[in-house]
Structures are given as structure tokens and as C-alpha cells.
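Biologist: Please take a close look at one part of this model, the first helix and what lies around it. I would like the side chains described one by one, with their surroundings.

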Amino acid sequence: MKVVGEVDIIDVIVDHPEQVWELTSEFAGISKQFYDKYYQNKEVAVAYRLGDVRKYKNWLVLHSKVSSCPHWKNIFIFDYYMI
């Protein structure tokens with residue numbers, strides 16, 4: 001796995017899945033069907049409002065950086081991204 005960049009997190013939305021979808025669906029980048037399947041039988045959903053994105057010219061191999069990073073617990077891995 002590689003780190004291809006970083007992003008500023010402006011806000012975190014935590015609420016019932018239907019409420020989170022209502023607030024984020026315009027910018028979610030996924031279908032309602034996918035969202036509903038992902039949050040099926042869940043009472044809480046989380047969404048991140050993202051700010052500035054910085055793409056790295058030279059990608060970092062994750063396993064070589066995590067062990068030396070003092071804030072490794074703050075590293076988020078997202079499956080959804082745009083290139």
C-alpha cells in the first residue's frame with residue numbers, strides 16, 4: 001500500500017446513516033445503493049469534510065513509514081479517491 005498524498009480534514013459528521021447521506025450525498029462520489037449496503041444494520045455513519053489536497057510526486061510505501069511515525073494512529077486509509 002502506498003501513500004499518494006494528504007488532505008486537511010475540515011469537519012467530521014457523525015450521525016444516523018440517513019442523516020449523513022442527506023448532508024453529503026451531493027458530494028459523496030458513491031451511489032445510494034452502495035452507501036445503503038455499506039451502512040446496512042448500522043446506527044451510526046461517519047463522513048469527513050475535506051479541505052486542501054496535496055498529492056505527492058513521490059509516493060511513500062506505507063509499511064516503511066508507519067513504524068517511525070509518532071502519530072501513526074492519526075493515519076486514515078480511504079478506499080475512495082479521485083485521481
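Modeller: What follows goes through a helix residue, a loop residue and a surface patch in turn. The model is predicted, and the values below are computed from it.

T24 belongs to helix α1, which spans residues 17-24. Its relative accessible area is 16%. The cut-off for buried is under 20%, so T24 counts as buried. A polar atom of the T24 side chain lies 2.7 Å from the backbone oxygen of V20. Leaving aside residues up to four places away in sequence, T24 touches I13 and A47.

After α1 comes a loop that leads to α2 (32-38), and S31 is in that loop. S31 has a relative accessible area of 40%. Exposed requires over 50% and buried under 20%, so S31 is classed as partly exposed. The side chain of S31 also makes an approach to the backbone: it reaches the nitrogen of F34 at 3.0 Å.

The strands carry a nonpolar patch on the surface, to which β1 (2-15) and β2 (45-61) each supply at least two residues. The patch is formed by I9, V12, V14, V44, V46, Y48 and L50, and together these have about 550 Å² of accessible area. V12, one of the patch residues, sits in strand β1. With a relative accessible area of 42%, V12 is partly exposed.

In short, T24 is buried, while S31 is partly exposed and V12 is partly exposed.

Note on methods. Residues are numbered from 1 along each chain as its sequence is written. This is a predicted model: local features need pLDDT of at least 70, side-chain atom pairs count only at pLDDT 80 or more; totals for chains, interfaces and linings use all residues. Side-chain values use heavy atoms; hydrogens and water are left out. Helices (H or I, at least four residues) and strands (E, at least two) are DSSP runs, numbered from the N terminus. Buried means under 20% relative accessible area, exposed over 50%, partly exposed in between (1.4 Å probe, protein chains only). A polar contact is a pair of N or O atoms within 3.5 Å; within protein, one must be able to donate a hydrogen and the other to accept it, and residues adjacent in sequence count only if both atoms are side-chain atoms. Contact means heavy atoms within 4.5 Å. Patches are made of residues with over 30% relative accessible area and no salt bridge: like charges are joined within 9 Å, nonpolar side chains (Val, Leu, Ile, Met, Phe, Trp, Tyr) within 5 Å. Accessible areas come from the Shrake-Rupley method with a 1.4 Å probe; for residues, only the protein chains shown count as cover. A salt bridge is a side-chain nitrogen of Lys or Arg within 4 Å of a carboxyl oxygen of Asp or Glu.
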